[in-house]
Amino acid sequence: MRKGYKAMLDEAMQAIVTLTPEQAAEQYNQPDVVLVDIRDPRELERDGMIPGAFHATRGMLEFWIDPESPYHKPVFAEDKQFIFFCAGGLRSALATKTALDMGLEKIAHIEGGFGAWKKAGLPTAEWKPKDKK
């Protein structure tokens with residue numbers, strides 16, 4: 001193996017901004033901030049979510065960020081601060097580094113992810129699937 005996940009995480013952590021859950025919570029309701037939950041739907045269903053967070057599964061992130069992609073999500077073209085999180089902070093560190101490499105500038109991730117957010121007693125809610133019409 002040329003480069004394992006630990007080396008990738010080390011590189012990411014040197015390049016990205018890391019926020020504590022409390023620091024992220026201070027920005028949580030700001031109109032120019034988007035919390036981006038990269039966990040898969042099973043995790044949301046099982047563990048809950050941060051109310052108002054934008055859900056973008058890790059597997060689609062690059063496609064949703066790139067404006068040239070047929071899967072592009074307009075939220076990523078907005079002039080916003082994006083704060084990524086996963087369950088424990090590892091996937092979100094890698095996702096934040098990827099987003100940085102792709103050109104998003106105002107980005108960070110939450111140290112310890114959703115687990116640390118929840119442990120800190122910050123707002124959570126039960127996940128409810130969107131109605132299909």
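Hi everyone. Before anything else, one cut-off: when I call a residue buried, I mean that its relative accessible area is under 20%. With that in hand, here is the first number for the protein on the screen: of its 133 residues, 38% are buried. And please keep in mind that this is a predicted model.

Let's start with the overall build. The protein has six helices and five strands. If you walk along the sequence, you meet them in the order α-β-α-β-α-β-α-β-α-β-α. The radius of gyration is 14 Å, close to the 14 Å that the globule rule gives for 133 residues, so the protein is as compact as a globular protein of that length. Along the principal axes, the C-alpha atoms fill a box of roughly 40 × 35 × 30 Å.

Two more global figures. Take the contacts with a separation of 6 or more: 64% of them are between residues 24 or more positions apart. As for the surface, the accessible area comes to about 8100 Å², and carbon and sulfur atoms account for 52% of that.

Now to helix 5, which I'd like you to find in the view. Helix 5 has 13 residues, and its first and last C-alpha atoms are 19 Å apart, close to the 18 Å expected at 1.5 Å a residue. Which residues of helix 5 are buried? They are Ser-92, Ala-93, Ala-95, Thr-96, Lys-97, Thr-98 and Ala-99. And what do they pack against? The partners are helix 1 (5-15), helix 4 (61-65), strand 4 (81-85) and strand 5 (107-110). Just after helix 5 comes Gly-103, with a positive phi near 115°.

Let's zoom in on two members of that buried set. Ser-92 has a relative accessibility of 0%, so Ser-92 counts as buried. Leaving out residues up to four places away in sequence, Ser-92 touches Ile-38, Phe-84, Phe-85, Cys-86, His-109 and Ile-110. For a sense of scale, Gln-14 is 78 residues from Ser-92 along the chain, and their C-alpha atoms are 14 Å apart.

The other one is Thr-98. Its relative accessible area is 18%, which means that Thr-98 is buried too, given that the cut-off is 20%. With residues up to four places away set aside, Thr-98 touches Arg-58 and Glu-62.

Next, a loop residue. Ala-53 is in the loop between helix 3 (41-47) and strand 3 (54-55). Is Ala-53 buried or exposed? At 18% relative accessibility, Ala-53 counts as buried. Beyond its neighbours up to four places away, Ala-53 touches Leu-35, Asp-37 and Phe-85. Phe-85 is also on the contact list of Ser-92. The C-alpha atoms of Ala-53 and Glu-78 are 15 Å apart, with their positions 25 residues apart in sequence.

On to the aromatic rings. A pair of rings is described by the distance of the centres and the angle of the planes. How many aromatic pairs are there? The count is six. One of them is Tyr-28 with Trp-117: the centres are 5.6 Å apart and the planes are at 70°, an edge-to-face arrangement. This pair links distant parts of the chain, with Tyr-28 in the loop between helix 2 (21-27) and strand 2 (33-37), and Trp-117 in helix 6 (residues 113-119), 89 residues apart. Both Tyr-28 and Trp-117 are buried.

Elsewhere, Phe-54, Trp-64, Phe-76 and Phe-82 form one aromatic cluster. Trp-64 has a charged partner as well: the charged end of Lys-73 sits over its ring, 4.6 Å from the centre. There is another arrangement of this kind at Phe-114, where Arg-39 lies over the face of the ring at 4.2 Å from the centre.

Let me finish back in helix 6, with Lys-118. Is Lys-118 buried or partly exposed? Its relative accessible area is 43%, so Lys-118 is partly exposed. Setting aside neighbours within four places in sequence, Lys-118 is in contact with Asp-47 and Thr-124. Arg-2 is 116 residues from Lys-118 in sequence, and their C-alpha atoms are 36 Å apart.

That's my tour. Thanks for listening, and do rotate the view while we talk.

Definitions and conventions. Residues are numbered from 1 along each chain as its sequence is written. This is a predicted model: local features need pLDDT of at least 70, side-chain atom pairs count only at pLDDT 80 or more; totals for chains, interfaces and linings use all residues. Side-chain values use heavy atoms; hydrogens and water are left out. Rings of Phe, Tyr and Trp (its six-membered ring) pair if their centres lie within 6.5 Å; planes under 30 degrees apart count as stacked, over 60 as edge-to-face and the rest as tilted. Helices (H or I, at least four residues) and strands (E, at least two) are DSSP runs, numbered from the N terminus. Buried means under 20% relative accessible area, exposed over 50%, partly exposed in between (1.4 Å probe, protein chains only). A charge sits over a ring if NZ of Lys or CZ of Arg is within 6 Å of the ring centre and within 35 degrees of the ring normal. The radius of gyration is taken over C-alpha atoms; the globule rule is 2.2 Å times the number of residues to the power 0.38. Contact means heavy atoms within 4.5 Å. Accessible areas come from the Shrake-Rupley method with a 1.4 Å probe; for residues, only the protein chains shown count as cover. The expected span of a helix is 1.5 Å times one less than its number of residues.
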